[in-house]
Amino acid sequence: MKKKVVMAIIIFLTAGITLATFFSCRRALRPLNIILMISDGCGYNCFNAASLYQYGRTGMQVYDSFPVQCAVCTHSASSTPYDPKKAWTSFEFILSDPTDSAAAATAMATGIKTNDGTVGLDPGGAKLINVVDLAEVMGKKTGTVTSVQFCHATPAAFIAKAENRYQYEKIAYQIIKESPVDVVMGCGHPYYDGSGRPVEEPNFRYVGNRGLWEGLVNGEPGADADGDGKPDPWTVIQTAEKFRGLIEGKTPERVFGIAPILKTLQQGREGDVLSDPFDVPLVTSVPTLAEMSLAAINVLDDDPDGFFLMVEGGAVDWAGEENQKGRLIEEQIFFNQAVQAVVEWIETHSSWQDTLLIVTTDHDTGYITGPGSGKEPPDGDLSKTWKDLVNKGKGKVPDMEWHSEYHTNALVPLFANGFGSERMAALADKKDRVRGNYLDNTDIGRVIIELLIERSAVNH
Ligand SMILES: [Zn+2]
């Protein structure tokens, strides 16, 4: 996007928000890092199921003690808006017409709702500025990390603009050749299968095409990532060892990390997909989401202007859609470990004054409840129709049941800590009698945009 257009929009956005900041704050603040972590498709009971398995109780995750905790409504411009009354008087309501991941990610990346399936465009097809575009203009480094394909809906919405989320070739081209983003990490490797074994016949679906892939690995330049007016090549890494090697020490300027597996780190590996967590041995040739997140941060934190990073646990949703309890819990544990690693990085190498961390999801998937839910109780009290998961103790899968093989429009959780996190709490002004206060998913993007403008405005 032309920088002039971006700047015009920034000036417009800034006008109502931060004039006071421009003139009243003379002391330069240190640069702000913003990290948004999205466990794709993990509703309340998905978070709970993983916590019960990990700890034998809820409330033990690092984000459970974050000062800001609220709910989020996730509907898209084309799906059914959340209705707090209907949601708790009809068991079926949240099943009707939920958002998809592309629209939900676009809402968080741009602050604007769009139609299902759309990446980075508004419902009329106009290109939206996303938080990566804005952070780049503000001089920050930017990155996306995912446990699924790097061009899948959620990371795509933070970088690309496409009418349809399945336009992988178009999206991959924008990411590799046109975006100034500094770090892209994920799966989609053309020369490996879904269990991480080398294949004879490459599959270029997720890397665009053969030419784009070969140009990438041969060091052809992409866009200008560092703002010096010259195109910058990617340093491409393709092995678990190379990912781990980036966690500490000096790093290249710009990294494209593709794990040696086709679609996702672990959830798609062969073996009994309905077995308990970790019964099927993990693929050992790929990094973990925590390792990828730390590697990405170590590349991004070289910039004195700070960075924006989106981390997605992308296959929680896939396990949910397949109603795979064991793999759902595994994937959410990998996500939890990534959050833990990021928190340790913040507390060791940065601070909560200089970093905002938001942990959330894009929508609920699978409509997980405790056993026996959905039946009208004899006394007619519909609030009793939703049962809690039955805790079986640490290391045991709680008793649970599924009511969907897709997404729902249920409210989902959000946890935030660090600079600006109180703004999330302030925006959570809608009330739900079960989940408490909630905000809209576009509020997440709006807060990030405001903070990027304000903290950069006083620094430049
Ligand atoms: Zn999703």
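Which residue follows H4, and is its phi positive or negative? The residue is Gly111, and its phi is positive, near 80°. This briefing concerns a predicted model, in which the protein chain has 14 helices and 13 strands. The radius of gyration of the chain is 21 Å, close to the 23 Å that the globule rule gives for 460 residues, so the chain is as compact as a globular protein of that length.

**Overall build**

- Along its principal axes, the C-alpha trace of the protein chain spans about 70 × 60 × 45 Å.
- Of the 460 residues in the protein chain, 53% are buried.
- When the contacts with a separation of 6 or more are considered, 74% of them join residues that are 24 or more positions apart.

**The sheet and its strand pairs**

- An open sheet is formed by 11 strands, which follow the order E5-E6-E4-E3-E7-E1-E8-E11-E2-E13-E12, and their pairing is mixed.
- Strand E5 (235-237) and strand E12 (430-432) stand at the edges with a single partner strand each, so one side of each is left without a neighbour in the sheet.
- On average, and with direction ignored, neighbouring strands of this sheet are turned by 20° against each other.
- Strand E2 (residues 68-73) pairs with strand E11 (residues 412-418) in the antiparallel sense over five bridges, and within this part of the sheet Gln69 has Phe415 in E11 as its bridge partner.
- E2 also pairs with E13, here in the parallel sense and over three bridges, and the bridge partner of Cys73 in E13 is Asp440.
- The edge strand E12 pairs with strand E13 (residues 436-440) in the antiparallel sense over three bridges, and Lys431 stands opposite Asn437 in E13.

**Helix H4**

- Helix H4 (residues 101-110) has 10 of its 10 residues buried, so this helix is largely enclosed by the rest of the structure.
- The buried residues of H4 include Ser101, Thr106, Met108 and Thr110, and among them are also Ala102, Ala103, Ala104, Ala105, Ala107 and Ala109.

**Packing of H3 against H12**

- Two packed helices are described by the angle between their axes and the distance between the axes.
- The axes of helix H3 (residues 44-55) and helix H12 (residues 325-349) come within 9 Å and cross at roughly 85°, which means that H3 is roughly perpendicular to H12.
- From H3, the contact is made by Cys46, Phe47, Ala49, Ala50, Tyr53 and Gln54, while H12 contributes Leu328, Ile329, Gln332, Ile333 and Asn336.
- By character, the residues of the contact of H3 with H12 divide into eight nonpolar, three polar and no charged.

**Positive phi outside glycine**

- Most residues other than glycine have a negative phi, and most peptide bonds are trans.
- Asp97, although it is not a glycine, has a positive phi of about 55°, and its place is in the loop between E2 and H4.
- Asp97 has 15 C-beta neighbours inside 10 Å and therefore counts as partly exposed.
- Asn323 is not a glycine either, yet it has a positive phi of about 55°, and Asn323 is found in the loop between helix H11 (316-321) and H12.
- With 20 C-beta neighbours inside 10 Å, Asn323 counts as buried, because a residue is taken as buried if 20 or more other C-beta atoms lie within 10 Å of its own.

**Two residues and their surroundings**

- Tyr192 lies in the loop between strand E4 (183-187) and helix H8 (210-217), and Tyr192 is buried, with 24 other C-beta atoms within 10 Å.
- Although Tyr192 and Ile261 are 69 residues apart in sequence, they are 5.0 Å apart in space, C-alpha to C-alpha.
- If neighbours within four places in sequence are left aside, Tyr192 is in contact with Arg197, Pro198, Val199, Pro260, Ile261 and Leu262.
- Leu427 has its place in helix H13 (residues 421-427), where Leu427 is partly exposed, with 18 other C-beta atoms within 10 Å.
- Not counting residues up to four places away in sequence, Leu427 touches Leu439, Asp443 and Val447.
- Leu427 and Phe415 are 12 residues apart along the chain, and their C-alpha atoms are separated by 13 Å.

Methods. Residues numbered from 1 in each chain as written. Predicted model: local features only at pLDDT ≥ 70, side-chain atom pairs only at ≥ 80, totals over all residues. Axes fitted to C-alpha atoms, helices over the stretch in contact; angles between N-to-C directions. Helix = DSSP H or I, 4+ residues; strand = E, 2+ residues; numbered from the N terminus. Parallel < 35°, antiparallel > 145°, perpendicular 65-115°, else oblique. Contact = placed C-beta atoms within 7 Å. Nonpolar A, V, L, I, M, F, W, Y, C, P; charged D, E, K, R; others polar. Buried ≥ 20, exposed ≤ 12 C-beta atoms within 10 Å, placed from the backbone. Pairing = 2+ DSSP bridges. Rg over C-alpha atoms; globule rule 2.2 N^0.38 Å.
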